[in-house]
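Trainee: Please take one part of this structure and look at it closely. I would like the secondary structure, the burial and the backbone treated together. Then set that part against the rest.

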Amino acid sequence: WQLFHVQQDIASCQDTVDAMQTELEGLQQREKAVEQQIKTTKQALAKANRKLNVAEKAMTKDRKQSEKVQPEIHRLEAEVRSLEAKLNKEKAALDQITKEEAEHRERVEGIKEDIAAISVAEDEAEQQVQDAKEQSGFLFDEATNTRYEALKQEARSTTAADRSELESLSRQQAADQNTLTQLDSDLAEVLHRVNSDRERLAKLEERWSSIEQAAASSKTSRKEAEAALQSIQEAGLQEEQKRKDLEVQLSEVRNQLSEARYNKRMNKHEERMADCLATLKRLFPGVHGRLVDLCRPTQRKYHRAVVVAAGKAMDSIVVDTQSTGYDCIRYMREHQIGIASFVPLDSIVTKPIQERLRSLGPRSRLCADVIQCDPEVRPAVLYAVGNTVLCDTLDAARDICFRQREKVKAVTLGGEVISKAGTMTGGNAPSDASRMSRWDEQAHGELRSRRDELVEELHGLDAKRTQQHRIAELQTRITHLTSKEQFALKDQSVTQEKIRGLKKQLDALKKQKGETQREVSRLKPVLSEREGAIGTLQSKIDRSEHAVLQAFSEELGITDLQQFEERYQRSVKEAAAGRRRLREQKAKLEAQLEYEEARSFDQSVRKAQGKVEKTSKRLGDAKDTQHRLKASVKDLRDQLQQSESSLHEVNRAVKDKEVEAKALQAERTAAAAERGARAKKITAEEIRIEQLRGSLHSVLHKARVEQIELPWTTGTPRDDASQSSTSSRAPSSASNSQLESQQALLDSQTAHRIDFSQLTRHKDAMDDKQRAAVTSEFEAEIAVLDTAIASMQPNMKATERFEDVSVRHKASTEEFDQARESARDAASLFNDVKQKRHDAFMACFNHVAHELQTIYQDLTKDPNHPLGGNAYLSLDDSEEPFLGGIKYNAMPPLKRFRDMEQLSGGEKTVAALALLFAIHSFRPAPFFVMDEVDAALDNVNVSKVCNYIRHRSQDFQCIVISLKDMFYAHADSLVGICRDVGTDSSRTLTLDLAVF
């Protein structure tokens, strides 16, 4: 009955497992399909991201080009405005000069016309004199005229001296009168020029004032623009600095999040191990869990130190007994879950705590004292950390290990380790961070919150970020205002120079005016006085001439010849005075004409026209450049709009792909979760099948022990029993658990041949309660039968059967004892071999470590460093050296401690040779072959190596392949290889240096 129901349960569970396996295969196919879709989507997403990066770069490039051109456009606009204003001013100046030239030309033509009119008037005056002569009747016959001329000559002779004096005075009078007339003309011209220059000076002073105001306004505007630009730039620098700080913090947070996600991925990778641990706890009550989950440091600052001190033991699984550990190992091996270490609480040996280590100092404490755990797990914690001392700082650890010479393992809060052998290690491993993260689950959430805060703050800075076009506009405005201010200052300087020139010219004109007025004032009384002298002298001459000509005048019947002649002379003089006035006016006009003609406007006009042409050309070039840049900006804006639209499309495609990828990842996660749940159910059913097979094996084993005959469909149970016996007599190296597993599998196969047709009752499906009732019923019947059998006659064959069973029992007992003794001998032999291996290794290690120190000092010491360097070997695990590695550290003279990777090539070569010679000293070889070991060495180190090899040449021979002549000088002999041209083969050349 029990075998039937167990067989039915096994069959039912197996059917369930088969069905679940089919569903699991479907789920796996579905997960693979989703994985393939995710892979395809990721590839498409990566392609879209690359397109997005290209579009962003193109848009950034277009924006930068547009921003780069914009300031140039603003500058050109300011330059065009400035050039247009300058051109207008220059055109106005040219028009003014042209107008002045036209006025000057008209004035010159008017003066020439006036001079021509005066010449005509002179001719007319001469004609009038001639007419006056004819009308006066002052015409005689030839004899009378001759007589008159003789009398006149006589009168002239009489008055020659007076007449000469009169002519002299008349000439002086005429000269002074001409000078006075010229002075009056000059004075009028000076007055005209003074008035003109005063008007120009007033205009220039007004212009200087307006320029000064414009320069001051430009300067004020420029300073305001510079202040605004400086304010914007300072704000931009502050924002940029803040942005850099935030980006650095965000980068650090993201790195920490990446590490946290890596640890999280590692935990996901270990989900199967966690499920296995949960299964082991469910199947085997003696499993407590991982040591890292069973203990916790008293303070958060001890997390790293505790993790480093315990090392890999933190991931060990704590079990109550050694047999429970074996069962767990067998289960993990059968289901191919992985590898795990187990710490059995009943068999581990822990070293006792040394109380003196608790009083080493205020900065140290036992690592075991800072770990909280349940009392039953305390041995496992002591096994993991032992007598490790936890120190606050590295100096405290050095003080304990090196100064107090305590042979303990010291760990600092930062994770540095000083082993019992004195080696120092540091750094952080990802596994340590993973173990620490189990004690601080809030770190990941805090990092995410910090990341979100930093991202939000960066977005806020982006929203308030100063626009580049505002800076460019201010810079352009500052440039325009600066050029405007400089132009105003230059114009102001030119105007000031003109004002100074005009003032000097006015001073000169005023001085000239004063001198002219003084000269006029001097000449007027001189002319009046000379005019009186001339009148007196003329009266004297007239009296003398009258005395000579009186008789002649009476003879001619002319009452007064002199009066007659005076009338004639008066008319002549009047005509002469008219001609003189005309000559004076003509002289004045000719002087003014000469002055006006001396004033040339050609150079000023050419200069003004040149300025206008130059400015017009610059303005045209600037406008052409402006139009070209505006066209390029328009093209860039169109291109930027296209880039932005393309970027928008690519960004939308990327977002769609990301949504699709997230959906697929969610689907994959759901499929993986469903597959994991189905796999757990399959595992549970397989465990139940194993348990049912164990129950089947127990029932069959009990039936065989009690020699209960079972009905078989084919064959006999003796064959299976013999097979079982043969299996039980397997070599002693097989474990009992394996034999039991094989026997249970054999029994499950044998149970299929049991004939259940004779079972007539209790074949229906039952629950546990019904099975317990049926079992009680059968046990009651068996008890009744046993009572009935006991009351019957004794079986005479019982003795024989008992002897047979006794013999079999004795044989099994002897076989068991023999197997146990063999296992004990094998374990003892294994321990002996392990100890010999350990002793042999430690003998070699200690010898090499001791020799290494001496050899390295010999290779590195010199007169400046007589002690040489320091080199030593250290074991990662001094108790179990084969479970770890060997660390080699070398410190050249006067160099601080560094890892071997950080040494130079020459220092590494010397360290390697020292290690090679040290290993050789343990088991000396007959000779060395060194191939260019001196490639990275300088001459000093080559000399040291040569001296050491030569010093040790008595212990071994050394063949060195080298290109350094220093090795040749220290060698005993030289061997060279060259090509023999004659034989077309290699040739050997040798040279014995011992004779030299």
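Mentor: Helices and strands here are DSSP runs, numbered from the N terminus; a helix needs at least four residues and a strand at least two. The model is predicted. I will take the part that runs from helix H19 to alanine 994.

Start with the helix. H19 covers residues 905-922, 18 residues in all. From its first C-alpha to its last it reaches 26 Å, close to the 26 Å expected at 1.5 Å a residue. Its buried residues are Gly906, Glu907, Thr909, Val910, Ala911, Leu913, Ala914, Phe917, Ala918, His920 and Ser921. Note Glu907 and His920 on that list, beside nonpolar residues such as Val910 and Leu913.

Next comes strand S13, residues 927-931. Phenylalanine 927 lies in this strand. Its relative accessibility is 45%, so phenylalanine 927 counts as partly exposed. The residue also belongs to a nonpolar patch on the surface, together with Val929, Ile959 and Ile961. The patch has about 380 Å² of accessible area together. Strand S13 supplies at least two of its residues, and so does strand S14, residues 957-961.

Now the loop between S13 and helix H20. Glutamate 932 is found there. Look at its backbone: phi is near 50°, a positive value in a residue other than glycine. Most residues other than glycine have a negative phi. How exposed is glutamate 932? Its relative accessible area is 37%, so glutamate 932 is partly exposed. The cut-offs behind that call are under 20% for buried and over 50% for exposed.

H20 follows that loop. This helix spans residues 939-951 and has 13 residues. Its reach from first C-alpha to last is 18 Å, close to the 18 Å expected. In H20 the buried residues are Val942, Lys944, Val945, Cys946, Tyr948 and Ile949. A lysine, Lys944, is among them.

Go on to strand S15, residues 973-980, and strand S16. The loop between these strands holds aspartate 984. Here too the backbone has a positive phi in a residue other than glycine, near 55°. Which class of exposure does aspartate 984 fall into? At 55% relative accessibility, aspartate 984 counts as exposed.

Strand S16 covers residues 985-992, and alanine 994 lies in the segment after that strand. Alanine 994 is exposed, as its relative accessible area of 63% shows. In space, alanine 994 is 7.1 Å from serine 973, C-alpha to C-alpha. In sequence, these residues are 21 apart.

Now the rest of the chain, through its charges. A search of the whole structure finds 22 salt bridges. One of them joins aspartate 176 to arginine 530, with the closest N and O atoms 2.6 Å apart. This pair links distant parts of the chain, 354 residues apart: aspartate 176 sits in helix H3 (residues 160-269), arginine 530 in helix H12 (residues 468-555). Each partner is buried. Aspartate 176 has 17% relative accessibility, and arginine 530 has 12%.

The salt bridges of arginine 358 make a contrast. Glu355, Arg358 and Asp369 are linked in a network. Arginine 358 meets glutamate 355 at 2.6 Å and aspartate 369 at 2.8 Å, N to O. Arginine 358 lies in the loop between strands S4 and S5, and aspartate 369 in the loop between S5 and S6, so this pair ties together parts that are 11 residues apart in sequence. Glutamate 355 is exposed at 52%. Arginine 358 is partly exposed at 36%, as is aspartate 369 at 34%.

Finally, the surface also carries a patch of positive charge: Arg200, Lys490, Lys498, Lys607, Lys611, Lys614 and Arg618. H12 and helix H14 (602-705) each give two or more residues to it. H14 gives the largest share, 4 residues. Lysine 611 is in H14, and at 43% relative accessibility it counts as partly exposed. Set that charged patch beside the nonpolar patch of Phe927, Val929, Ile959 and Ile961 in the part you asked about.

Notes: Residues numbered from 1 in each chain as written. Predicted model: local features only at pLDDT ≥ 70, side-chain atom pairs only at ≥ 80, totals over all residues. Heavy atoms only, no water. Salt bridge = Lys/Arg side-chain N within 4 Å of Asp/Glu carboxyl O. Buried < 20%, exposed > 50% of the residue type's maximum accessible area, 1.4 Å probe, protein only. Patch = residues over 30% accessible without salt bridge, like charges linked within 9 Å, V, L, I, M, F, W, Y side chains within 5 Å. Areas by Shrake-Rupley, 256 points an atom, 1.4 Å probe, with all protein chains shown as cover. Lys, Arg positive; Asp, Glu negative; His and termini not counted. Charge placed at Lys NZ, Arg CZ, Asp CG, Glu CD. Expected span 1.5 Å × (residues − 1).
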